[in-house]
Amino acid sequence: MIPKIILGKGPQATRRTIGYLFGKSRANEHTDPHLVASWNDFAPDPGRCPHRDPKEVEAQLVAQLDQPVRMLGDKAPKHTVWHCPVRAAPEDPILTDTQWADIARRIVAAAGIAPEGDEEACRWVAVRHADDHIHIAATLVRQDGRRPRRDYDQRAVQRAAREIEVDYGLRRLKPGDGTAAKRATSKEHFKAKRLGHDATSRDVLRRRVRRAVAAAADETEFFALLDATGVTVRIKRGPSGDALGCNFALPGDTNDQGEPVFYAGSTLAPDLSLPRIRQHLAPTSPEPVTPRPSNPWHQAVAATDRIPHHLTRSGDEAAQGQLVALGAALDLLPFTAPAAARAELERAAAAFERATRSRVAADHASARVLRRSVQAIWKEPQQGDAATFATLLDVALTAVAYALHWHRTRRHAQQQAAAEQTLIHLQAAHAQITGPVLAGLASRAPSPGIKRRYAHHLKEAVPEHAERILDDPAWDALTTVLAEAEAAGHNPAAILHRAVSRRSLDDAHSPARALTWRIRHLGERHVPGPRAQAANAGHAAARPTAPHPQEPQTRRH
């Protein structure tokens, strides 16, 4: 159940609101509008007046609602109307008028508009003009002439909505922390539908601005990328001439006067205000790193592969910075992905957007390598192939699973749900890409003698899963990547031990596939010397593999 508060001002605010609630609206979605509750339970109802002119009854209702406001004259508040649509989910049962009346009373009580038992409270009405929602309209002067105490009313009505969902068996929404992006209004949805668009201008702008932030190395490039995608930018400047904020508009999106409809960045999402964008784009001091290969795909895989370590070992600020960088990577991946997987990757990026924000301040410096490598991939994607992309998706899946666990342990309910949804879309994209890649790897499987040697190493490295892996159709692909790693100078037994020791295979749907991507990733790294290989193999053999105590047990592959 979603309540949303809208404030109205001006001498005709009440008349406009009541006229809208009892009118047909532009999309004719208002059917049988009528009162289900009011401040005194006998307010005039324009929807139930068969023997009177409905417009006359509307005027009477407006006059009664406005009476406390008009008594104050020039001392009336700036905002005089409190308007709160309350909508049920599509899968919820259709509620009766009596049930909606109870919901309306609980909402106005929670908001401080009309506390239970307060006979001098504000005047209000609840109008139903569809099966799935009502509108509550109130005037913001109490009948005793005082202002209502409605501190933090948006949070209060959200808490009341969560209780109502439980009491009426409705879909239970996740409690938020105030960092969610602002939803498109009903008016924006109807406009998009009328124009034949799949998404509202607000949602399209949010995606374009987020991608520009993800792809840009600095503020100049950020504005250039927006210009290239057709986004109009209007800078808000202070008296000193300094830029204080920026608004965005889509070409062709105009109001009734033919003027562009601009959206402030902060109303698209909390992290898209100009100060937050500048914070994200600010140069970070170089972090101490070991030499990396020049291929940005390999850099991106390595950086994404380290995200679980940051989420389990680093502080919350560094972890939040990793999640922001992971979200930016997902925003750009659809542009470099095989065509078959782009739609699912688009959905994954849209879902994970909510998981990139929380009340924890992000330290962007720790994610510098991932950000720069993904930007390089976006600018020159030709260096990657399907197998490399599949490897990147594999480590991204693990990173999102750890992000889910990180949010769950901190009780970030909406972010956890977003990560869960992201996993579904990433797994679908991963399956679409890896099928042909695995088939190609299997077609280059080594000779039976080499495969028997690898099977011996496998039984030593992971005896509890060996039989299952050897019977898996992906075994041939695994032997191919082992052969490629050996040809590059790696010890096959040592690299198998390293791959097994990285993370438990107990929750893997296909241990053979999981090892294939791990070994392919490890095989692209610098080949260690013989002494280091011997030490790694001995260390891995001496210690049984076990999941980290904080490791999420998310079924994969």
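**A walk through the predicted model**

Let's start with something that isn't there: the structure holds 0 disulfides. In case the term is new, a disulfide is a covalent bond between the sulfur atoms of two cysteines. Keep in mind as we go that this is a predicted model. Two of the cysteines are still worth a look. Cys49 has a relative accessible area of 13%, so it counts as buried, the cut-off being under 20%. Cys246 has a relative accessible area of 4%, so it is buried too.

Now step back and take in the whole chain. It has 557 residues, and 50% of them count as buried. There are 22 helices and 9 strands to find your way around. If you drew a box around the C-alpha atoms along the principal axes, it would come to roughly 95 × 55 × 40 Å. How do the parts of the chain meet each other? Take the contacts between residues at least 6 apart in sequence: 73% of these join residues at least 24 apart.

What about the outside? The protein chain exposes about 26,800 Å², and carbon and sulfur atoms supply 51% of that area. As for charge, you'll find 77 positive side chains and 63 negative ones. The centres of these two sets lie 3 Å apart.

With the overview done, let's zoom in on a strand. Strand β5 covers residues 124–130, and 7 of its 7 residues are buried. As a bit of background, strands of a sheet pair through backbone hydrogen bonds, either parallel or antiparallel. Which way does β5 run against β3 and β6? Against strand β3 (residues 34–38), β5 runs antiparallel, and 4 bridges join the two. Here Leu35 stands opposite Val127 in β5. Strand β6 (residues 133–139) is also antiparallel to β5, this time with 6 bridges. In this pairing, Arg128 sits across from Ile134 in β6. The turn from one to the other is easy to trace by eye, as β5 and β6 form a hairpin with 2 residues between them.

Just ahead of β5, look for Ala114, which lies in the loop between α3 (97–111) and β5. Is Ala114 buried or exposed? Its relative accessibility is 13%, so Ala114 counts as buried. Leaving aside residues up to four places away in sequence, Ala114 touches Val108, Ala109, Ala121, Cys122 and Trp124. Trp39 is another residue to locate from here: it is 75 residues from Ala114 in sequence, yet their C-alpha atoms are 7.9 Å apart in space.

On the other side of β6, follow the chain to Tyr152, in the loop between β6 and α4 (153–168). Tyr152 is not a glycine, although it has a positive phi of about 55°. At 62% relative accessibility, Tyr152 is over the 50% cut-off and therefore counts as exposed.

Further along the chain comes another set of strands. Here 3 strands form an open sheet in the order β7-β8-β9, with antiparallel pairing. The edge strands are β7 (232–237) and β9 (263–264), since each pairs on one side only. Strand β8 covers residues 243–249 and pairs with β9 over 2 bridges in the antiparallel sense. If you want one pair to look for, try Phe248, whose bridge partner in β9 is Tyr263. A general point helps when you look at any such strand: in a regular strand the side chains alternate between the two faces of the sheet.

Moving on to the helices, find the loop between α15 (386–409) and α16, where Arg411 has its place. What is unusual to look for in the backbone here? Arg411 has a positive phi, near 60°, in a residue other than glycine. At 78% relative accessibility, Arg411 counts as exposed.

Our last stop is at the far end of α16. Ser447 sits in the loop between α16 (413–442) and α17 (448–461). With a relative accessibility of 36%, Ser447 falls between the 20% and 50% cut-offs, so it counts as partly exposed. From Ser447 you can look across to Thr480, which is 33 residues away in sequence; C-alpha to C-alpha, the two are 9.9 Å apart in space.

Methods. Residues are numbered from 1 along each chain as its sequence is written. This is a predicted model: local features need pLDDT of at least 70, side-chain atom pairs count only at pLDDT 80 or more; totals for chains, interfaces and linings use all residues. Side-chain values use heavy atoms; hydrogens and water are left out. Buried means under 20% relative accessible area, exposed over 50%, partly exposed in between (1.4 Å probe, protein chains only). Contact means heavy atoms within 4.5 Å. Accessible areas come from the Shrake-Rupley method with a 1.4 Å probe; for residues, only the protein chains shown count as cover. Lys and Arg count as positive and Asp and Glu as negative; His and the chain ends are not counted. The place of a charge is taken as NZ of Lys, CZ of Arg, CG of Asp or CD of Glu. A disulfide is a pair of cysteine sulfur atoms within 2.5 Å. Two strands pair if DSSP finds at least two bridges between them.
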